[in-house]
Amino acid sequence: MRYALALTIIAVLGILGQIVVQVNIQQLSRDTHVIDVAALQRTLSERLSKAALAILMAPDSATQSTYVDELLSAVPQWEQSHLALQQGDATLGLPGHNSPAVVRLFAQIAPNFNVMQDAATKLVVAYETQPPVVLPTTPTLASRIAPDVHQILVAEPGFVNGMDAIVAQYQREADSRVNQLQVTEWTLLAIELVVILLLVLLVFRPATRYVGQSITDLVLAREREHELAALKDQFIVDANHELRTPIMALYNNLEILAALNERAQPEQRTRILERALSSGNAVLRLLNNVLDTSALEGKAPRLELRGVALDPLIRAVLETFDPSEIGDPEMPSGQFAARTVTLQVPAGTFVRADEARLRQILINLLANALKYSAPGSPIDISAGAPAPPRRGRGAHAGAAASAEQVQISVRDRGLGIPQRDVAKLFERFVRLERDIAGPARGTGVGLYMCRMLVEAMGGRIWVESSGVPGEGSTFSFVLPASPPEAVLIPVTPTVADASSTLTS
Ligand code: ADP
């Protein structure tokens, strides 16, 4: 619309400019003609006065007759132009529209004009009324016309000067019209330039930027598409591997149990079954994530939100992990390559969440903490009021903390995450270069699912890490807090120990 408007304005100004120029050119040619006729008046009045003087001075009647003819030719022309200049005459091409200044100047020379006109008329009459035979008593023509010639000669300089002033005035008025035309043309040109400038600033520049941005977006989208295709390929390889390993472990453990049959000690049987269950859990975890990821595809998951007590839920989640990895308070110390898991969750902390989905988030974060840190290194789980955000450290750091939210954090002392990878960590199929090549198995959908679920529950998730191996990383998310009275306790705590630390 702006573009069309600007083009219309430029076109209208162009047409307007042409009309103004054409009208003024016609006016200027009229001005030139008027000036020519006015200048001719001067010559005609001079011809008139010279002819009158020549008649007076003529040595013989033949010469007199020649000059009378000259007078008779000059006077009508002179009279007609004089009248036409003031009142207009189509045959002479004179408009007769004079400015007040010109009208005043014509009024000033009117007496001179009248005197010259009367004297010339009288002179012609005197010439034409001469008796055919000149008697000695008859006054001579020269004596009769001498006063008229005198009057003409006296009035003529005033008339000529007046006409000069009129010509000069006509010239000035024509010049000022030329100046005005120039000013109008410059003004139109300046407006056109302003419109073109506005066109550049308001249409071309944003359009160029928009086109540039669109091209950049397209290029980025293509790159992202290629990246995603590569990630998907990698995912298929990883998912295959991820599934095969726990299924094989499950199968092997059941096979051992079948082989031992009656010979298996109760303790041995429990251990084998626990391993089999843990492998089954791993398969389920993976399948849940993969199925959810493809089922959701950017859509918000369906949730059943209610008050969930955090402490029992986290303890229940911990129990789903392999005790040989995480440690088990009920097993004798030193029996497993276990690690210290510190739990700092004030009793009576509730969040508004979908319990099953919250469990899924916690399982993913804990599984990662275990997977990407050395065996035996501690893991801290905490919950409470959101900490004031630390600038620039995490993907979502910088958002304001709120008292109506609960922050849950899982901290490990593992490999950590380099700053440059933090931003893309919560995208689909993303695994760190280090881990694609490394021993830790994974599919790159866990954190993506976590983000989708946390955001669907009205929270946000982020990671803080120095990127230094051994200093580890802290994955945190916030969820809306829930008042205890609205609570349906979701799980029965199975960890009897009410203390906040689980130690192997
Ligand atoms: P995966 O199945 O590969 O673990 P996730 O989406 O859970 O998929 O994690 C994505 C990537 O983020 C992982 O492959 C790993 O490179 C990195 N990552 C996740 N958690 C941690 C952690 N606690 N410490 C270090 N790196 C981690």
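Biologist: Which residue puts a polar side-chain atom 3.3 Å from a nitrogen atom of the ligand?

Modeller: Bear in mind that this is a predicted model. The cut-off for a polar contact is 3.5 Å between N or O atoms. A pair at 3.3 Å makes the list, and the residue is Arg434.

Biologist: And how far is the backbone N or O atom of Thr443 from an oxygen atom of the ligand?

Modeller: Thr443 is also among the closest of the 20 residues around the ligand, along with Asn368, Tyr372, Asp435 and Leu447. Its backbone contact with the ligand oxygen comes out at 2.7 Å.

Biologist: How much of the ligand does the protein bury?

Modeller: Ser473 joins in too, with a side-chain N or O atom 3.4 Å from a ligand nitrogen. On its own the ligand would expose 520 Å², and the share buried by the protein is 98%.

Biologist: Which elements give two or more residues to the shell around the ligand?

Modeller: The ligand sits in the largest pocket. That pocket's lining draws at least two residues from each of α4 (141–260), α5 (266–296), α8, α10, α11 and β7. For the shell around the ligand, the list reads α8 (355–371), α10 (433–437), α11 (446–456) and β7 (473–480).

Biologist: How many charged residues are in the lining of the largest pocket?

Modeller: The pocket holds about 1,000 Å³ of space. Its lining runs to 45 residues, with Glu242, Ala367, Asn368, Lys371 and Arg441 nearest the centre. The ligand shell itself has eight nonpolar, seven polar and five charged residues. For the pocket lining, the split is 20 nonpolar, 13 polar and, in the charged class, 12.

Key: Residues are numbered from 1 along each chain as its sequence is written. This is a predicted model: local features need pLDDT of at least 70, side-chain atom pairs count only at pLDDT 80 or more; totals for chains, interfaces and linings use all residues. Side-chain values use heavy atoms; hydrogens and water are left out. A residue is near a molecule or strand if one of its heavy atoms lies within 4 Å of it. A polar contact is a pair of N or O atoms within 3.5 Å; within protein, one must be able to donate a hydrogen and the other to accept it, and residues adjacent in sequence count only if both atoms are side-chain atoms. Accessible areas come from the Shrake-Rupley method with a 1.4 Å probe; for residues, only the protein chains shown count as cover. On a 1 Å grid over the protein atoms alone, a cavity is a set of points where a 1.4 Å probe fits but cannot get out, and a pocket is an open set with protein on both sides within 12 Å along at least five of seven lines; lining residues have an atom within 4 Å of a point. A molecule sits in a cavity or pocket if more than half of its atoms lie within 2 Å of its grid points. Helices (H or I, at least four residues) and strands (E, at least two) are DSSP runs, numbered from the N terminus. Ala, Val, Leu, Ile, Met, Phe, Trp, Tyr, Cys and Pro count as nonpolar, Asp, Glu, Lys and Arg as charged, and the others, Gly among them, as polar. Grid points are joined across faces, edges and corners, and a volume is the space filled by probe spheres set on the points.
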